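The exercises below ask you to read a protein model step by step. Keep the sequence and the structure side by side, and try each task before you turn to its solution.

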Amino acid sequence: MIELNERVIEGRGKYFVMIDFKDARNNRKRLSASTDLEVGIKGNKEIVEEVSKYVGDELRDLNNTNEIEKKVIKMITEYALNCFKNDEVPISLGWFEKEKEKVQAKKIRAISRITLNQKNAEIFFADYLDEWLKKHQILSDIELNTYGSYQGNVTVIKEFLNKEYPDVRLCEITTDHIFEFYQYCYSVRKNSKNTVKHHLVLLSAAFEYAMNEELIERNPMTKVKCPKIDKIEVKVLNIDECMRLMKALEDDMIETICYMTVFYGFRRSEALGLKWEYIDFVNKQIRVRHTVVDTVVDHERVELRKDKTKNKKSRRTYPLVPFIENLLLKLKARQDYQKKICGSSYDYKDYEYVFVNELGKLLKPDFVTRRFTQIVKQADLPKVTFKGLRHTCATIQLLNGMSMNDTREWLGHSNITTTVKTYGHYSNERKQVVGETLVGLLNLNSSQDLTQNA
């Protein structure tokens, strides 16, 4: 750890962060960065003192004093200031390591460009897709489950190539090939428009990279338009059907997770990621902070447990209502009993998670989906998926007067556009009900002559 002192100084009517340290030759150095906060204004000095402490702590974690530069101090200071101004707590970012990662990424780009240009004359398009996807994962820092999804897209494209154009090269691909693939998805694979759109978006990114690296002269995707996605009608349950479902779920392993999903509108990943530490029985709150998803990567199924949600808005806190609280306490008591009777056979690895099986193992996403489908069928309910419980939560809210924005916040959508696109028609149904209510309240009917009161 580097020895240094940080302090706040004043100059030209503004506060500065000053860093005092000795360099590798044991010479004393002082570097400063302006905060642009004016002296004499209430609260500014307290903010700068906090910023100064944060900057000092970050610099102490560097490898040696040669890494302490004025621009580094300025960059860290600006970040911390922005956090404190927005009432956020700055986190340790490992600034020097991030700079090294940027340099390494540039090296990878340069090496990739040289390698691919050398192979341009003979590389098969199927091989190019594999190479591009690996580099795309490194350079774009995409999530592993997203990478698995992209691998699925590439598999479908290569399936088409192997059947129709096994020897086609990157530089030989034309718009006609893309249109043939387009038709193959519809006629042979029976893909939906949404699935086809995902395939084409990936192809567009792959060719855009090839253009930027000067591997091809023309982008064959330029004249290709993605299909217009038909509005998907979400399948939901009404109140009576919900009651029939809950009756069928009584004492089942997925009873509580289904109740909570239809009430809170959880995504499956959020429900499975629920931990006991996120349930506050004292203050009656439930927090969504962790997710569990599974994906297929390199032909192997992988389970991903992450301390992050789909987006910032998905990090949300709900009230713990009495009914749900009782279900959770009942579930916890059952798990405590299972620990006793299973003894050493009980798996404590997943003890922190709420939804585990009789032996303590976290429920698998696919198991929850399959079991839910079985129960729906046994109860002779309309065909609805586990995700349909989230949709059911939203529609019940909108049909009973909750605003679109309130529903967006409840579901954790990143923006209201998603909510409107998915559930807008339910809001219109509610308006129709309101209109009919007004007609009744005002005692209006179509035959009434309103002109007599004019």
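**Exercise 1. A pocket and its lining**

How many residues line the second largest pocket, and which of them lie nearest its centre? Then describe which helices supply the lining and what kinds of residue it holds.

Solution. Bear in mind from the start that this is a predicted model.

Step 1. The lining of the second largest pocket consists of 14 residues, and those nearest the centre are Cys-242, Tyr-259, Val-262, Phe-263 and Ile-396. The volume of this pocket comes to about 320 Å³.

Step 2. Turning to the helices, at least two lining residues come from each of helix H8 (239-248), helix H9 (255-264), helix H11 (322-342) and helix H13 (387-399). The greatest contribution is that of H8, which gives four residues.

Step 3. Sorted by class, the lining of the second largest pocket holds 13 nonpolar residues and one polar residue, with no charged residue.

**Exercise 2. An aromatic pair**

Which kind of aromatic pair do Phe-263 and Trp-410 form, and why does the pair tie together parts that are 147 residues apart in sequence?

Solution. Step 1. A search of the whole structure gives 17 aromatic pairs. In one of them, Phe-263 and Trp-410 have ring centres 6.2 Å apart and planes at 75° to each other, an edge-to-face arrangement. The label follows because planes over 60 degrees apart count as edge-to-face.

Step 2. Phe-263 belongs to helix H9 whereas Trp-410 belongs to helix H14 (residues 404-411), and therefore their contact ties together parts that are 147 residues apart in sequence.

Step 3. The two rings also belong to a cluster, in which ring pairs link Phe-263, Tyr-264, Phe-266, Tyr-318 and Trp-410.

Step 4. Is Phe-263 buried or partly exposed? With a relative accessible area of 35%, Phe-263 is partly exposed, because the buried class ends at 20% and the exposed class begins over 50%.

Step 5. Another aromatic ring has a charged neighbour: Lys-332 lies over the face of Trp-276, at 5.1 Å from the ring centre.

**Exercise 3. Two cavities**

What are the volumes of the largest cavity and the second largest cavity, and which residues line each of them?

Solution. Step 1. Rolling a probe the size of a water molecule over the atoms shows where empty space is left. Over the whole structure, two cavities of 30 Å³ or more are found.

Step 2. The largest cavity has a volume of about 60 Å³, and its lining is made of Phe-125, Ile-157, Phe-160, Leu-161, Ile-173, His-177, Ile-178, Phe-181 and Leu-203. Helix H5 (144-164) and helix H6 (175-187) each supply at least two of these residues. By class, eight are nonpolar and one is polar, while none is charged.

Step 3. The second largest cavity has a volume of about 30 Å³, and around it stand Phe-124, Phe-125, Ala-126, Leu-161, Asn-162, Tyr-165, Pro-166 and Val-168. Here helix H4 (125-140) and H5 each supply at least two lining residues, and the classes are seven nonpolar, one polar and no charged.

Step 4. Comparing the two lists, Phe-125 and Leu-161 appear in both linings.

**Exercise 4. Strands and hairpins**

Trace how strand E2 pairs with strand E1 and with strand E3, and then find the order of the sheet that contains E4, E5 and E8.

Solution. Step 1. Strands of a sheet pair through backbone hydrogen bonds, either parallel or antiparallel. Strand E1 (residues 4-11) and E2 are antiparallel and share eight bridges, with Gly-11 opposite Lys-14 in E2. The hairpin of E1 and E2 has two residues between the strands, and Arg-12 there takes a positive phi near 55°.

Step 2. Strand E2 (residues 14-22) and strand E3 (residues 28-38) are likewise antiparallel, over eight bridges, and Lys-14 stands opposite Glu-38 in E3. In this hairpin, with five residues between the strands, Asn-26 has a positive phi near 70°.

Step 3. Within E2 lies Val-17, which is buried, with a relative accessible area of 0%. Its C-alpha is 7.9 Å from that of Val-51, although Val-17 and Val-51 are 34 residues apart in sequence.

Step 4. The other sheet asked about is open, with three strands in the order E4-E5-E8 and antiparallel pairing. Its edge strands, E4 (279-280) and E8 (317-319), each pair on one side only. Two bridges join E4 to strand E5 (residues 285-287), and Asp-280 has Gln-285 in E5 as its bridge partner.

Notes: Residues numbered from 1 in each chain as written. Predicted model: local features only at pLDDT ≥ 70, side-chain atom pairs only at ≥ 80, totals over all residues. Heavy atoms only, no water. Pairing = 2+ DSSP bridges. 1 Å grid on protein atoms, 1.4 Å probe; cavity = no way out; pocket = protein on both sides within 12 Å on 5 of 7 lines; lining within 4 Å. Points joined across faces, edges and corners; volume = space filled by probe spheres on them. Nonpolar A, V, L, I, M, F, W, Y, C, P; charged D, E, K, R; others polar. Phe/Tyr/Trp six-rings, centres within 6.5 Å; stacked < 30°, edge-to-face > 60°. Buried < 20%, exposed > 50% of the residue type's maximum accessible area, 1.4 Å probe, protein only. Lys NZ or Arg CZ within 6 Å of the ring centre and 35° of its normal.
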